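Trainee: Hi, do you have a moment to go through a structure with me? I'd like to start with the overall picture and then look at some details.

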Amino acid sequence: DELPRLGLSARQIAGLRRGGRADIPFAPLARVLWKNRSPCCVCRKAGQAIIVHHISPWATSRDHSDANLAVLCLEHHARAHSRGDLEQNLTPRRLRDSKDRWEQEVCQLDARAILEASRLSGHHWWWFNHQRLFERAAALGVRLTALSRFRAARLRGLVNDDGELENPGHHTPYRYQGGDGNVLYAYVREVLETVLASAAVYNISDDLDRGLLANVVKPGDLILVQGRHLFKQRARLTAGPGQIAEVRRQANRVRVSFTVDRWEAVSASAWASWMQGGKSASSIVRIVDSTLADGHLHLACTGLTMGFALEGLSNRSYVFPTWPVDDEIDEDDWLDGFGDEVPA
């Protein structure tokens, strides 16, 4: 309908429509491969050659949108273009159903992998954003009082009758200091695991490519990023809330940044050693803003939790230096000293 309005004649339009199919634009192509983790949405077998198929044929639909694209292996692509009498046809309706079911399952794959890796012996979360974690639990309808660790936490006065955290004293270096710290940690960790069991989390640790991520993640998404994290202290406080630090994971012209309050660290080691300088870590964060400028992608985030690097969730080595903080300051300079102090 738009071609006549652009001044093309009927003959010119007919010639254009007889031409070869235009390439699928990168953005929808990246999104459909990301949402499907690349395997065929029908058989879901990894390691096979794939084709991105137009569910409604391009010749009639001229539709390159995400909704009209499906990832198929060679066998199922052939079946989508055939109409046999001896086997069930892959009609557009069946393809859309298979694609929708697979994409819904893919949303949970990374969360399940994170849960399995975090339960391995020796893994430990260093820090929780308690306010955001419990807000997310409430949004998901988690019954805190039904959790197995609720009773122990309630008996020690760490939570109220609804399972929400009681406000502790603010005179300690970190929130979990004291004899009941292990009980509180076990309870909050169970809250996190319950949230992850119902959430979509995307592991971007091996996908720090600005062109890809700019098209496949968006504000509101939960992501896991693993690798070298940089901690910059922004306040000189050593007790109580307000011990603000800026955290960055940056590589390959991609930067993920968020802030932490070190008072919410779960142990003396996390507070005094692990959340300092540059450390290998895993963070689950929520994207607040995504900015692509000057060839760099900046994901400004709110942290949910942080801990030791998780086994099996990152295999890529980023050999190039991380981008500088600005044109003149390198990573080591940025880590030295304190920035502007942030009031409690």
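**Walking through the model**

Mentor: Happy to. Keep in mind that this is a predicted model. The protein has twelve helices and nine strands.

Trainee: Okay, and roughly what box do the C-alpha atoms fill?

Mentor: Taken along the principal axes, the box is roughly 80 × 50 × 35 Å.

Trainee: What share of the residues is buried?

Mentor: Of the 344 residues in the protein, 44% are buried. As for contacts, if you take those between residues at least 6 apart in sequence, 69% join residues at least 24 apart.

Trainee: Let's go to the strands. Is β6 buried or exposed?

Mentor: Strand β6 covers residues 244–251, and eight of the eight are buried, so the strand is largely enclosed by the rest of the structure.

Trainee: Which residues point which way from β6?

Mentor: Ile244, Glu246, Arg248 and Gln250 point one way, while Ala245, Val247, Arg249 and Ala251 point the other way. All of these are buried, charged side chains such as Glu246 and Arg248 included.

Trainee: And which strands pair with β6?

Mentor: One partner is β5, residues 222–233, which pairs with β6 in the antiparallel sense over five bridges. In that pairing, leucine 230 has arginine 248 of β6 as its bridge partner. The other is β7, residues 254–261, which runs antiparallel to β6 and is joined to it by eight bridges. There, glutamine 250 stands opposite arginine 255 of β7.

Trainee: What about the turn between β6 and β7, how many residues are between the strands?

Mentor: The hairpin has two residues between the strands, and asparagine 252 takes a positive phi near 55° there.

Trainee: What else touches that corner? I had my eye on tyrosine 318, so which residues is it in contact with?

Mentor: Leaving aside neighbours within four places in sequence, tyrosine 318 contacts Arg249, Ala251 and Asn252, and also Ser205, Asp206, Asp207 and Leu208. Tyrosine 318 itself sits in the loop between β9 (296–307) and α12 (331–335).

Trainee: Why does tyrosine 318 count as buried?

Mentor: Its relative accessibility is 16%, so tyrosine 318 falls under the 20% cut-off for buried.

Trainee: Switching to aromatics, how many aromatic pairs does the structure hold?

Mentor: Seven. Phenylalanine 134 and tyrosine 187 form a tilted one, at 6.3 Å centre to centre with 40° between the planes. This pair links distant parts of the chain, with phenylalanine 134 in helix α7 (residues 130–139) and tyrosine 187 in helix α9 (residues 181–197), 53 residues apart. Both phenylalanine 134 and tyrosine 187 are buried.

Trainee: Nice. Got another pair for me?

Mentor: Try tyrosine 174 and tryptophan 271: their ring centres are 6.5 Å apart and their planes are at 35°, so this pair is tilted. Tyrosine 174 lies in the loop between α8 (150–155) and α9, and tryptophan 271 in helix α11 (residues 268–274), so the pair ties together parts 97 residues apart in sequence. Tyrosine 174 and tryptophan 271 are both buried.

Trainee: Which residues form an aromatic cluster?

Mentor: Trp126, Trp274 and Phe308 form one. There is also a charge over a ring: the charged end of arginine 37 sits over the ring of tryptophan 34, 5.2 Å from its centre.

Trainee: Tryptophan 34 brings me to helix packing. Where does Trp34 of α3 come in?

Mentor: Trp34, along with Val32, Lys35 and Asn36, is on the α3 side of a contact with α6, where they meet Lys99, Trp102, Glu103 and Val106. The axes of α3 (residues 26–36) and α6 (residues 92–118) come within 8 Å and cross at roughly 70°, so the two helices are roughly perpendicular.

Trainee: And how do α6 and α9 cross?

Mentor: Their axes come within 9 Å and cross at roughly 155°, so α6 and α9 are roughly antiparallel to each other. Gln108, Ala111, Ile114, Leu115 and Ser118 of α6 make the contact with Arg189, Glu193, Leu196 and Ala197 of α9.

Trainee: Last one: where is arginine 17, and what does it touch?

Mentor: Arginine 17 is in helix α2, residues 10–18, and is partly exposed, with a relative accessible area of 44%. Not counting residues up to four places away in sequence, arginine 17 touches Ala59 and Arg62. The C-alpha atoms of arginine 17 and alanine 59 are separated by 7.9 Å, with their positions 42 residues apart along the chain.

Technical notes
Residues are numbered from 1 along each chain as its sequence is written. Side-chain values use heavy atoms; hydrogens and water are left out. Buried means under 20% relative accessible area, exposed over 50%, partly exposed in between (1.4 Å probe, protein chains only). Helices (H or I, at least four residues) and strands (E, at least two) are DSSP runs, numbered from the N terminus. Two strands pair if DSSP finds at least two bridges between them. Rings of Phe, Tyr and Trp (its six-membered ring) pair if their centres lie within 6.5 Å; planes under 30 degrees apart count as stacked, over 60 as edge-to-face and the rest as tilted. A charge sits over a ring if NZ of Lys or CZ of Arg is within 6 Å of the ring centre and within 35 degrees of the ring normal. Axes are lines fitted to C-alpha atoms, for helices over the stretch in contact, and angles run from 0 to 180 degrees between N-to-C directions. Angles under 35 degrees count as roughly parallel, over 145 as roughly antiparallel, 65 to 115 as roughly perpendicular and the rest as oblique. Contact means heavy atoms within 4.5 Å.
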